[in-house]
Structures are given as structure tokens and as C-alpha cells.
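This report introduces a protein to a reader who has not met it before. It begins with a single residue and then turns to the fold, the pockets and the cysteines.

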Amino acid sequence: MQIRAKANENQIINTAGAARERAAQREGKQFGKNGRRSIFAGDLGVQQDSILLRRQRAQKKALKIVGDAWNGDKKIDQNIMEIRDRVAQLNAEKKENLGIIAEGEAQKEALRQKYGVAADSQEQKELELLERAADAERECNFGLLTEDEWKQVKELKQRQLSEEDQELLRKKALSEDPESGVRLTDEEKEKVAQLEAREDRLTEYQERCLAIDKFQGTYETRNQKIDAELMGCHATIRATKLERLKYHAMVDAQKKADEVMEAAGKEILGMMIDEAKEHVDEELEEPREEAKEKAEEKAEEEEKIEERNKKKEELEAQIDAAHERSEEQEELRREAEERSREDADLLENMIDAGVGNVGNVSDIQSEIKTILHKMKLLEEDLKGSTVDDQL
């Protein structure tokens with residue numbers, strides 16, 4: 001008896017061992033091309049006792065299903081074997097009975113030769129009719145003889161001696177042998193004389209052959225019973241085989257056992273998947289935390305960069321504004337210098353032309369110096385603005 005386990009269930013059960021072997025060869029955990037960490041059943045925290053217990057329960061249930069079917073099938077085979085043994089025994093008994101019956105036929109033939117009875121004589125025909133009538137009565141098949149033959153049988157039976165009389169005649173024959181030690185009483189001798197004097201009785205040959213035929217009938221009846229029992233035995237065997245073909249007990253049991261093992265394999269696979277999910281979650285928890293911290297740090301860094309960029313923009317705006325003011329002041333300075341040169345040229349021209357009196361000239365010169373002094377101050381102020389702008 002075997003319990004078949006599907007290939008996928010065996011693969012599930014052996015995953016942990018294979019994974020541990022691969023892990024030992026690699027000497028540590030590896031990462032695939034896509035950067036994902038390989039998950040091995042051997043690395044998981046799966047409770048091997050739970051898996052083994054579940055597998056043992058499934059195997060026990062499957063074995064019980066198949067075992068019950070097997071026991072039932074075995075019991076049927078045992079019954080068939082017992083019936084066949086009985087058939088063999090009955091056939092042996094039947095063969096032995098047929099041998100006894102054949103021996104009786106040989107004895108009757110020997111008697112026919114001894115008494116010199118012809119095979120086609122009236123005496124032989126009457127004997128055969130009585131034998132046929134005995135067979136018909138044993139088989140309860142009265143149609144074997146015609147109505148006229150039954151009438152003749154009735155008349156012949158009236159001529160037949162009783163068993164007691166036949167026994168007496170057999171005793172008389174034994175008494176004729178001095179060595180037998182059998183002796184008849186006077187009453188028995190008188191009875192024998194009366195029997196022998198009957199002219200209507202059956203012949204001694206017929207009586208002896210009928211006695212043998214009666215003995216044969218006993219074994220023929222036994223064989224009839226044996227034939228009936230053999231018929232019942234063969235019918236039982238045929239019916240049992242047909243019933244077995246109809247229900248396919250072992251095939252159905254094996255199918256149920258396979259379903260049990262397959263369900264157990266799926267349950268074990270589910271346990272391993274759940275454990276793998278938990279394991280993966282634990283493995284990924286730390287990277288997620290690290291990624292979260294890095295994201296927070298990146299956000300803070302981006303905020304700092306944005307703040308620096310904002311300050312830079314404000315400084316650049318201030319510099320641009322200062323440049324604009326510097327350009328305006330430079331323009332004013334150039335205009336002031338131009339006016340100063342023009343005023344100086346005008347004054348020089350006036351002095352050279354001798355405009356006004358000496359006193360006036362002195363006043364003009366004093367005024368010019370004042371103007372120049374003011375212009376110099378203005379020039380220094382403008383230069384100071386330029387320097388400030390550069391700073």
C-alpha cells in the first residue's frame with residue numbers, strides 16, 4: 001500500500017532543507033540583480049514542529065482512508081479465497097463420489113456377466129427402468145419417464161422385496177460359506193424358503209443391482225448438493241468482482257488520500273508564506289526607517305538650500321540696487337564736474353577780460369576760491385560715495 005504525495009507538496013516540505021544547503025554554500029545572504037534580498041525558507045522563523053505535526057496528521061488521515069479501503073478490499077479478497085478453497089474442497093468430494101459411483105457401475109456389470117444376463121434381455125430392461133425411476137425420484141423430475149413407464153415401474157416395485165427380505169437373502173448367501181461363521185435360524189430358513197418360492201419377485205441379479213444402485217444414489221444425491229453449492233460459490237465470486245468494479249474502493253480511497261495530502265501541502269505553503277511575509281516585513285522595517293530619516297534629512301537640507309538661495313537673491317537685489325545708485329551718483333558727479341569746469345572757465349574768462357575793479361576782482365577771486373573749495377568738497381563726497389558703493 002502506498003500513499004502518493006504530489007510533487008508540489010514534496011517541494012514545499014523540502015524547501016527549508018534545500019534553502020539551508022544553498023545558504024551554506026553561499027556563506028551568507030546574497031542580493032539579486034535587482035537589488036532585492038533573496039528569501040530562503042531556511043532563514044525564516046517557521047516552526048518546523050508545526051509543519052511536521054501538520055504533515056504527520058495529514059499522512060495519518062490519508063493512511064486511515066487508504067487503510068480502511070485496503071482492509072475492506074483485503075477482506076473481500078479473503079472471502080473470495082475462502083470461497084475458492086471451498087470450491088476446491090467440493091470438487092474433490094465430487095470427484096471422489098463419482099469414483100464410488102463408477103465403481104458401482106463396474107460391480108453391476110460384473111454381476112451381469114456372473115448371472116449371464118444379456119444386455120438386451122427383458123430382465124436387463126426392467127432393471128434399467130427401475131434405475132431410471134430411482135434417478136427421477138431423487139431429482140424430483142418425474143418427466144423423465146412416460147406415464148406408461150411409471151405404471152410399469154409400479155408393477156415392478158410390487159415384485160421387489162423389502163429391505164428386510166433382501167437383507168435376509170444376503171445373510172443366507174453368507175451362511176453358505178462355512179468360513180463366514182454366519183448361521184440362519186430355523187425361522188429365517190423358513191422365511192428364505194418362502195421368498196425363494198415366489199415366482200413374481202425380481203431376480204437375484206436385479207435385486208443385487210438395485211441395492212448397488214441405491215448405494216450409488218446416496219453419492220449422486222451428495223453430488224447434486226455439491227453442484228448446487230458450487231453454483232452458489234461461483235455466483236458469489238462473480239457478484240463480488242462485479243461489485244468491486246462498480247465502486248472502485250481503492251481508487252476512490254487513493255483519490256481522497258491525495259486530496260488530503262494536497263490540502264495539507266497548501267496549508268503548509270500558506271504557513272510558510274505568512275512566515276515569509278513577517279520575515280520580509282521585519283527585514284524591510286529597518287531600511288524603511290533609514291529611508292524615512294534620510295528623507296527627513298533631505299527635506300531639511302532642501303529647506304536650508306532654499307533659505308540660502310533666498311538670502312542670495314535678496315543680497316543680489318541689494319547689490320543691484322546699490323549699483324543703480326552708484327551709477328546715478330556717478331552721473332551726478334560727472335554733471336557737477338562739468339558745471340564746475342564750465343564755471344571755472346567762465347571765471348577765468350572774466351578775469352582775463354578785466355571785468356569790474358580791483359576790489360571787485362579781489363572779491364571775485366575770493367568768491368571763486370570759495371566755489372572751488374566747495375567744488376572740491378563735492379568731488380570728495382562723490383568719491384566717497386563711489387568707495388562706499390564698492391564696499
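In this predicted model, S175 counts as buried because its relative accessibility is 19%, and buried means under 20% relative accessible area. The residue lies in helix α5, a helix that spans 163–175. When its neighbours within four places in sequence are left aside, S175 is in contact with S180, V182, R183 and L184.

**The fold as a whole**

The protein holds 9 helices and 0 strands, and its pattern, followed along the sequence, reads α-α-α-α-α-α-α-α-α. Of the 391 residues in the protein, 23% are buried, and S175 has already been described as one that counts as buried. The accessible surface of the protein amounts to about 28100 Å², with 50% of that area belonging to carbon and sulfur atoms. If one takes the contacts between residues at least 6 apart in sequence, 74% of them join residues at least 24 apart.

**Two pockets**

Helix α5 returns in the description of the largest pocket, where α5 and α7 (204–247) each supply at least two residues of the lining. The largest share of that lining, 6 residues, comes from α5, while the residues that lie nearest the centre of the pocket are L169, R170, A173, E204 and R208.

In the second largest pocket, A134, Q160, L210, A211 and K214 are the lining residues that lie nearest the centre. The elements that give two or more residues to this lining are α3 (122–139), α5 and α7, and the largest share, 5 residues, comes from α7.

The table sets out the volume and lining of each pocket.

| Pocket | Volume | Lining | Kinds of lining residue |
|---|---|---|---|
| Largest pocket | about 450 Å³ | 15 residues | 6 nonpolar, 1 polar, 8 charged |
| Second largest pocket | about 320 Å³ | 14 residues | 4 nonpolar, 2 polar, 8 charged |

**Cysteines and an unusual backbone angle**

A disulfide is a covalent bond between the sulfur atoms of two cysteines. A search of the whole structure for such bonds finds 0 disulfides.

Two cysteines can be described by their accessibility. C140 is exposed because its relative accessible area is 60%, and exposed means over 50%. C233, in contrast, counts as buried because its relative accessibility is 10%, under the 20% limit.

Where along the chain does C140 lie? C140 is found in the loop between α3 and α4 (147–159). What is the phi of C140? It is positive, at about 55 degrees, although C140 is not a glycine. Most residues other than glycine have a negative phi.

Taken together, these descriptions give a reader several places to look in the model. Helix α5 contains S175 and supplies the largest share of the lining of the largest pocket, while α7 provides the largest share for the second largest pocket. The loop between α3 and α4 holds C140, which is exposed.

Conventions:
Residues numbered from 1 in each chain as written. Predicted model: local features only at pLDDT ≥ 70, side-chain atom pairs only at ≥ 80, totals over all residues. Heavy atoms only, no water. Helix = DSSP H or I, 4+ residues; strand = E, 2+ residues; numbered from the N terminus. Buried < 20%, exposed > 50% of the residue type's maximum accessible area, 1.4 Å probe, protein only. Contact = heavy atoms within 4.5 Å. Areas by Shrake-Rupley, 256 points an atom, 1.4 Å probe, with all protein chains shown as cover. 1 Å grid on protein atoms, 1.4 Å probe; cavity = no way out; pocket = protein on both sides within 12 Å on 5 of 7 lines; lining within 4 Å. Points joined across faces, edges and corners; volume = space filled by probe spheres on them. Nonpolar A, V, L, I, M, F, W, Y, C, P; charged D, E, K, R; others polar. Disulfide = S-S within 2.5 Å.
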